[in-house]
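Me: I would like to go through a structure and ask, for a handful of its labels, what justifies each one. Please set the value against the cut-off every time.

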Amino acid sequence: MDIEVQEQLMQIGYFKIEELSLGEYEVIESNSGSNYVSNPVPYKVTVIAGTTQTLRITNNRKTGAIRLIKVDSRDNRTPISGCTFEVYSSEDDYQNKIATATTSSAGIIEFSNLRVGYTYKIREVSSNEWYVLDSTDRELILNDETQSDIIITNRIKTAQIKVVKMDVDYNEFKLENVEFQIYEDTNKNGKVDIGEKVVDTIITNSQGIAISRELPIDKEYIVLESKTKDDYHLNTTTQKVTFTPADYKRITTLTFTNKKKEGQIHLTKVDLDNHNVLLGHVSFMIYSEELKSWIKYNDNTKIWDRTSRDDKDAIYYSNVNAEIFWEHLRVRKLPNFRIRNK
């Protein structure tokens, strides 16, 4: 037989021995190759004149194992349970799934009895509900019977917090340049404690809105107003945020309100030529530049209502001492009020 032809046949597991003397022979496998278990059984054959004797010798493929370790990408150490993986082999060009398993509480799967000498694709098909699914195929060549480890990480799901900042009495006034700090509530007691770290600082825009960076959903957070506008009181009330897996890629909105600082006007009405002459029972109205309206104080709501110049209830009279006291007036840096005789 041509040597080249014989080499080709050997590559597909066939070889032929020619020109043997007649008689009995014993065939013993001396080397099974790197991917197969050696077959120690001796095979006997009798060579008879004018015939070709055929022996069929079988070998078991060597098997190995792959240990998959699933961990959190933040520290490459924290195990992730509940992630399901499928395994495919190059033996059939990755056409058929050969194994499915789910990570244990230790974040581990062991795929055993895998035939060596092939490349395996490992694909995550479902993830722990707190983590982002990573469907990227991982490939691993199994060359021997030892266990091969592969470490795969997952990103924790994230969400965001949006703060809307407004005036407590006039919600249409959105407050810009108000600073908030977001704390991780480590001990989950709903309070900012010593040692708890700030994970983000946000500042409201001209629409009174501030949005946090993406925050891991497996933590709890406390939002605290840290700086406010000069003409407003700081709101010291904290708000707590707890996320769930359903909040992934969503924004949780919190509304914070601030009370405007207040001042007062003390008016005394006197004669133009003689300031010692006090003029009582003189009518006045007050106009707010901030509210762009004539205003009157509402004793029930404790805020100033917008009104018109024709509103008789918005008229204030100087008393017998020619005085009027306007209290609870909203302060501003710029001139805020105009006072007019009615």
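Me: Leaving aside its neighbours within four places in sequence, which residues is Thr204 in contact with?

Reply: In this predicted model, Thr204 is in contact with Lys165, Leu175, Glu176, Asn177, Val178, Phe180, Ile209 and Ala210, once its neighbours within four places in sequence are left aside. Thr204 itself is placed in the loop between strand E12 (198-203) and strand E13 (209-211).

Me: Why is Thr204 called buried?

Reply: Its relative accessible area is 2%, and buried means under 20%, so Thr204 is called buried.

Me: What makes the approach of the Thr204 side chain to the backbone oxygen of Leu175 a polar contact?

Reply: The side chain of Thr204 reaches that oxygen of Leu175 at 2.8 Å, and the limit for such a pair of N or O atoms is 3.5 Å. The Thr204 side chain also reaches the backbone nitrogen of Val178, at 2.9 Å, which is likewise set against the limit of 3.5 Å.

Me: Why is the aromatic pair of Tyr170 and Phe173 called tilted?

Reply: A search of the whole structure finds six aromatic pairs. One of them joins Tyr170 and Phe173, with 6.0 Å centre to centre and 40 degrees between the planes; because stacked needs planes under 30 degrees apart and edge-to-face over 60, the pair counts as tilted.

Me: What makes the pair of Tyr316 and Trp326 edge-to-face?

Reply: The planes of Tyr316 and Trp326 are 75 degrees apart, with 5.9 Å centre to centre, and an angle over 60 degrees counts as edge-to-face, with centres required to lie within 6.5 Å. Tyr316 belongs to strand E22 (residues 316-317) and Trp326 to strand E23 (residues 323-330), and both residues are buried.

Me: How do you know that Glu220 and Lys240 form a salt bridge?

Reply: The closest N and O atoms of Glu220 and Lys240 are 2.7 Å apart, and the cut-off is 4 Å, so the pair qualifies. Because Glu220 lies in strand E15 and Lys240 in strand E16 (residues 239-242), the pair ties together parts that are 20 residues apart in sequence.

Me: Why is Glu220 called buried but Lys240 partly exposed?

Reply: Glu220 has a relative accessible area of 15%, and buried means under 20%, so the label follows. Lys240 stands at 34%, and because exposed begins over 50%, with partly exposed in between, Lys240 counts as partly exposed.

Notes: Residues are numbered from 1 along each chain as its sequence is written. This is a predicted model: local features need pLDDT of at least 70, side-chain atom pairs count only at pLDDT 80 or more; totals for chains, interfaces and linings use all residues. Side-chain values use heavy atoms; hydrogens and water are left out. Helices (H or I, at least four residues) and strands (E, at least two) are DSSP runs, numbered from the N terminus. Buried means under 20% relative accessible area, exposed over 50%, partly exposed in between (1.4 Å probe, protein chains only). A polar contact is a pair of N or O atoms within 3.5 Å; within protein, one must be able to donate a hydrogen and the other to accept it, and residues adjacent in sequence count only if both atoms are side-chain atoms. Contact means heavy atoms within 4.5 Å. A salt bridge is a side-chain nitrogen of Lys or Arg within 4 Å of a carboxyl oxygen of Asp or Glu.
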